[in-house]
Amino acid sequence: MFSETQRLVRLTDEASSAFDLSIAFGCVADDDEKQIPSPAPEEEASISQRASERRRHDFALGRLAARRALKALGCESAVIPMGGSGEPIWPRGLVGSISHTAGSAVSAVAHQAEVSGIGIDLEHDRDVADLVHLVAFGAGGLWLDAPMAS
């Protein structure tokens, strides 16, 4: 039986191998971590004072997943504060995405020189493996192979 983080790592490894790009992923789940480290003070400062304890925990999970993705890309330490619309502010030259839900978080990060943007979503109420195949190899995969419009 796989732990939640092991399952997420398998899925992100599968997604990563589908693209000819340097996309790094980070994953974390409550059931695999004894203690989730607090976000950096600059990150913590960007959370609303009214945020619930659950929201603060999910934020910490997301930032840990993002740091793991950044480390996989070769960026050893970085602060990832939240922008005015709730978006993560990535280090210069990088783009990325964070998603968290129900005690799990994933992040995808890439060099801006390779991709102009990247998105990731985590859904526990659907079979994520089917979604990975649909996006990477199905109708979404066909879109990836299509030439960009001028």
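**Group meeting talk: a three-strand sheet and its cover**

Hi everyone! The protein chain has an accessible surface of about 9000 Å², and 53% of that belongs to carbon and sulfur atoms. Please keep in mind that this is a predicted model.

Let's begin with the overall plan. The chain holds five helices and three strands. If you start at the N terminus and read along, the elements come in the order α-β-α-α-β-β-α-α. Of the 150 residues, 39% count as buried. Here is a number about how the chain folds back on itself: among contacts with a separation of 6 or more, 53% are between residues 24 or more positions apart.

Now to the sheet. In what order do the three strands stand? The order is S1-S3-S2, in an open sheet with antiparallel pairing. Strand S1, residues 23-29, and strand S2, residues 94-101, are at the edges; each has a single partner strand, so one side of each has no neighbour in the sheet. From one strand to the next, the twist averages 10 degrees.

Let's look at the two pairings. S1 and S3 are antiparallel and share seven bridges. As an example, Val28 has Ala105 as its bridge partner in S3. On the other side, eight bridges join S2 to S3, which covers residues 104-111, and these two strands also run antiparallel. There, Thr101 has Ser104 as its bridge partner in S3.

Stay with S1 for a moment. Is this edge strand mostly covered or mostly open? S1 is mostly covered, with seven of its seven residues buried. Ile23, Phe25, Cys27 and Ala29 point one way from the strand, while Ala24, Gly26 and Val28 point the other way. Residues on both sides are buried.

What lies across the sheet? Helix H3, residues 53-73, lies across S1, S2 and S3, and runs at about 145 degrees to S1.

That helix brings us to the nonpolar cores. The largest one has 11 residues, including Ala24, Ala66, Leu70, Trp90, Ile98 and Val109. Two elements, H3 and S2, give two or more residues to this core. H3 gives the most, with four residues. Apart from this core lies another one, of seven residues, among them Ala60, Leu61, Leu64 and Ala65.

If you want one residue to click on in the largest core, try Leu70. Leaving aside neighbours within four places in sequence, Leu70 is in contact with Cys75, Ala78, Ile80, Trp90, Leu94 and Val109.

My last stop is Ser107, which sits in strand S3. Why does Ser107 count as buried? Ser107 has 0% relative accessibility, and buried means under 20%. Which backbone atom does the Ser107 side chain reach? The side chain reaches the backbone oxygen of Ser97, at 3.0 Å. Again leaving aside neighbours within four places in sequence, the contacts of Ser107 include Ala24, Phe25 and Gly26, along with Ala65, Ala66 and Ala69. Trp90, Ser97, Ile98 and Ile120 are in contact with Ser107 too.

So here is the picture to take away. Three strands stand in the order S1-S3-S2, helix H3 lies across them, and H3 gives the most residues to the largest nonpolar core. Thanks for listening!

Definitions and conventions
Residues numbered from 1 in each chain as written. Predicted model: local features only at pLDDT ≥ 70, side-chain atom pairs only at ≥ 80, totals over all residues. Heavy atoms only, no water. Pairing = 2+ DSSP bridges. Axes fitted to C-alpha atoms, helices over the stretch in contact; angles between N-to-C directions. Contact = heavy atoms within 4.5 Å. Core = buried A, V, L, I, M, F, W, Y, C linked by side-chain atoms within 4.5 Å. Buried < 20%, exposed > 50% of the residue type's maximum accessible area, 1.4 Å probe, protein only. Areas by Shrake-Rupley, 256 points an atom, 1.4 Å probe, with all protein chains shown as cover. Polar contact = N/O pair within 3.5 Å; in protein donor to acceptor, adjacent residues only side chain to side chain.
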